[in-house]
Amino acid sequence: MQRRRATGEGVSGEAAPETLDACVIGGGPAGLTAALFLARFRRRAVVLDGGESRAAWIPRSHNHPAFPDGIPGEELLARMREQLARFGAPPVRARVETVERDGDGFRIAAAGGGPGWRARFVVFATGVRDRLAPVPDAIRHVRTGTIRQCPICDAYEVIGKRLAVIGGLRCTAGEALFLRSYTDDIRLVTLGDEPEWSEAEAARIHAAGVRIDPRPVAAIAAAEGEGAVIAFRDGEALHVDAIYSGLGVEPRTRLAAALDVRCAPDGRIDTDGRQRTSVAGIYAAGDAVTGLNQIAVAMAQAEVAAVDIHNTLRREECLCLPD
């Protein structure tokens, strides 16, 4: 049975939008993977890309399977976009403003107006927003590796180096302890903030060989190939090879929350084993979902969501046997 795939051109124009099988919101690894699977299932789907995937910041990922020499984040995204385009469903650049229930589906509107999109199912692959280090042009330094966001991703590349982990959150201390098995030269710089961890936890951090520096910071400067310098207000400066920003993240779940999708205490979206949310017809995958912020995990979650959407539609079409 032929199913007409929808591209950006197919769902824009003056007429009311047709009802797609699915709308994927977010053009990072999770969103592109979900759209790829839906396209190969010959479903009418569109992926709306706001152009803010944090994967684009990755200088070179060495822990993503199948790339022994590593792969830059932007190259990985470009390959995925090209792959998706070959199945007639290239991403549409659009910043989604609202998602509303509309009968048995959802209506999606983007910034700039227009007819928008209507879809039976929605996949939120909206990711998270990093709280960046207080460094001029911080994203550029993330892309060069001087400022780092994810020890799970790249701690192997800083073996034996001088590191500073900045922030006063419990997750900051957790990152410093995680990095301890890679280097014995770690300074936990609280930026002068009152830390979240207890005195007993501070004793454990000290016992692990991580030095806690509670002094207020006047400025942080970074330079590619030259590491970074943390200038304290008392006039002392700390020179390190790299800084890990342990300032946490902000889940991009505003659109989901507006639909009363249940979120965890950390603000991320709760899902079941098939990536279904608490609201029928809405799925979520990737960093916006509670769990591990890793590209491979995001892709796997997106595949699960796309397969479940396809199977749900197959049941409606009587193209599968009864359970």
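Let's start at R215, which sits in the loop between strand 11 and strand 12 (217-223). The model you are looking at is predicted. From that loop, this briefing moves on to the two sheets, the cysteines and one more arginine.

**Around R215**

- The side chain of R215 is joined to that of D234 by a polar contact of 2.8 Å.
- Setting aside neighbours within four places in sequence, R215 is in contact with R187, L191, G192, F232, D234 and E236.
- R187, one of those contacts of R215, also turns up in the parallel sheet, as the bridge partner in strand 10 of A164.

**The parallel sheet**

- Which order do the strands of the parallel sheet take? The 5 strands of this open sheet are arranged as 8-15-9-10-11, with parallel pairing.
- The edges belong to strand 8 (147-148) and strand 11 (211-213); each has a single partner strand, so one side of each has no neighbour in the sheet.
- Strand 9 (residues 163-166) and strand 10 (residues 186-189) run parallel and are joined by 4 bridges.
- Helix 5 (residues 170-179) packs on this sheet, where it touches strand 9, strand 10 and strand 15 (242-245). The direction of helix 5 makes about 160 degrees with that of strand 9.

**The antiparallel sheet**

- On the other side of the R215 loop in sequence comes strand 12, which belongs to an open sheet of 3 strands in the order 12-13-14, with antiparallel pairing.
- Strand 12 and strand 14 (237-240) stand at the edges of this sheet; each has a single partner strand, so one side of each is left without a neighbour there.
- On average, and with direction ignored, neighbouring strands of this sheet are turned by 15 degrees against each other.
- Strand 12 and strand 13 (residues 227-232) run antiparallel, and 6 bridges join them.
- One example of the pairing is I220, whose bridge partner in strand 13 is I230.

**The cysteines**

- A disulfide is a covalent bond between the sulfur atoms of two cysteines.
- How many disulfides does the model contain? The count comes to 1 disulfide, and it joins C150 to C153, with 2.5 Å from S to S.
- The link of C150 and C153 is right-handed, with 75 degrees about the S-S bond.
- Are C150 and C153 buried or partly exposed? C150 counts as buried because its relative accessibility is 18%, under the 20% cut-off. C153 has 26% relative accessibility and counts as partly exposed.
- Why does C23 form no disulfide? The closest cysteine sulfur to that of C23 is in C263, 18 Å away, which is too far for a bond.
- For C263, in turn, the closest cysteine sulfur is in C23, and the 18 Å between them is too far for a bond.
- C23 is buried, with a relative accessible area of 0%, whereas C263 is partly exposed, with 27%.

**Around R43**

- Where is R43 found? R43 is in the loop between helix 1 (29-40) and strand 2 (45-49).
- Although R43 lies in a loop, it counts as buried, at 2% relative accessibility.
- A polar contact of 3.0 Å links the side chain of R43 with the side chain of H310.
- R43 and A22 are 21 residues apart along the chain, and their C-alpha atoms are separated by 7.8 Å.

Technical notes: Residues numbered from 1 in each chain as written. Predicted model: local features only at pLDDT ≥ 70, side-chain atom pairs only at ≥ 80, totals over all residues. Heavy atoms only, no water. Pairing = 2+ DSSP bridges. Contact = heavy atoms within 4.5 Å. Axes fitted to C-alpha atoms, helices over the stretch in contact; angles between N-to-C directions. Polar contact = N/O pair within 3.5 Å; in protein donor to acceptor, adjacent residues only side chain to side chain. Disulfide = S-S within 2.5 Å. Buried < 20%, exposed > 50% of the residue type's maximum accessible area, 1.4 Å probe, protein only.
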